[in-house]
Amino acid sequence: MKSSSRPILLNIFKMRCPECGKSNMFINKSIFPLNHVLDMPEHCKECGLKMEPETGFYFGTGYVSYALSLILFFINLVWYWLIFGIHISDNSILYYLVTSISIVIFCQPWIMRISRVIYLSIYVNIKRKKNQQ
Ligand SMILES: [Zn+2]
């Protein structure tokens, strides 16, 4: 298998195969229909990488998804603080939480997809380094 010459971060954001960087990791490019948001082909069309190396491989993506959600909460805190300000004396903390939770729930399909791409990328890179030794 030929390794990707594209940067890893570009592959992650474009949701491409971490091995070749050419084909999409998900069957539907769009997140709709939502009940098929995580449907993936069994193998990469270009390089043949198995998209689910073993049963239950993606259970660990919950940790990646959690970390991405926390990062999004922090980004929301920064822009909300700069635009509206957050004070302990009024309800601005409540408004921030409602706004931020809404944004994180809205972004959840993309967070789940990016978590899978990051998880498989980590696995592929570890496997590649093991094979080089
Ligand atoms: Zn591939």
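A nonpolar core, as the term is used in this note, is a set of buried Ala, Val, Leu, Ile, Met, Phe, Trp, Tyr and Cys residues joined through C-beta atoms within 7 Å. With that in hand, here are my comments on the chain.

1. **The core.** In this predicted model, the largest nonpolar core has 8 residues: C17, C20, M25, C44, V117, Y119, L120 and V124. Four of these names, V117, Y119, L120 and V124, also appear among the buried residues of helix α3. C44, by contrast, sits in the loop between α1 and α2. I would start any tour of the structure here.

2. **Confidence.** The average pLDDT of the chain is 93, and 95% of the residues score at least 70. Confidence is lowest in α1, with a mean of 89, and highest in α2, with 97. As a reminder for the remaining residues, coordinates predicted with low pLDDT should not be read in detail.

3. **Fold and overall dimensions.** You will find 3 helices and 0 strands in the chain, in the order α-α-α from the N terminus. The radius of gyration is 18 Å, whereas a compact globule of 133 residues would be near 14 Å. Along the principal axes, the C-alpha atoms fill a box of roughly 60 × 35 × 25 Å. Buried residues make up 15% of the chain. Even so, among contacts with a separation of 6 or more, 55% join residues 24 or more positions apart.

4. **Helix α1 and I12.** I12 belongs to helix α1, which covers residues 8-13. Is I12 buried or exposed? Neither label fits: I12 counts as partly exposed because it has 17 C-beta neighbours inside 10 Å, and burial would take 20 or more. Beyond its neighbours within four places in sequence, I12 is in contact with I114, V117, I118 and S121. A look at F84 gives a sense of distance: the C-alpha atoms of I12 and F84 are 32 Å apart, with their positions 72 residues apart along the chain.

5. **The loop between α1 and α2.** Several points of interest fall in this loop. M15 lies there and has a phi near 55 degrees, a positive value in a residue other than glycine. M15 is partly exposed, because 15 C-beta neighbours lie inside 10 Å. P33 is in this loop as well, and the peptide bond from F32 to P33 is cis, with omega near -5 degrees. Both are worth a check on your screen.

6. **C44.** Still in the loop between α1 and α2, C44 counts as buried because it has 22 C-beta neighbours inside 10 Å. Which residues does C44 contact, leaving aside its neighbours within four places in sequence? They are C17, E19, C20, S23, L49 and M51. Two of these, C17 and C20, are listed with C44 in the largest nonpolar core. The C-alpha atoms of C44 and S102 are separated by 34 Å, at 58 residues apart along the chain.

7. **Helix α2 and the turn after it.** With 23 residues, α2 reaches 33 Å from its first C-alpha to its last, close to the 33 Å expected at 1.5 Å a residue. The helix is hardly covered, with 2 buried residues among its 23. F84 is found in the loop between α2 and α3 and is exposed, because 12 other C-beta atoms lie within 10 Å. The C-alpha atoms of F84 and Y95, 11 residues apart along the chain, are separated by 9.9 Å. Just after α2, G85 takes a positive phi of about 80 degrees.

8. **Helix α3.** Where does α3 (residues 92-132) kink? The kink, of about 55 degrees, lies at Q108, shortly before the proline P109. The buried residues of α3 are I111, R113, S115, R116, V117, Y119, L120, S121 and V124, and what covers them includes α1 and α2. V117 is a good residue to follow: leaving aside its neighbours within four places in sequence, V117 is in contact with I12, M15 and M25. That links the core of point 1, which includes V117 and M25, with I12 of helix α1 and with M15 in the loop between α1 and α2.

Notes. Residues numbered from 1 in each chain as written. Predicted model: local features only at pLDDT ≥ 70, side-chain atom pairs only at ≥ 80, totals over all residues. Helix = DSSP H or I, 4+ residues; strand = E, 2+ residues; numbered from the N terminus. Rg over C-alpha atoms; globule rule 2.2 N^0.38 Å. Contact = placed C-beta atoms within 7 Å. Bend = angle between axes of the 7 residues up to and from the residue. Expected span 1.5 Å × (residues − 1). pLDDT = per-residue confidence, 0-100.
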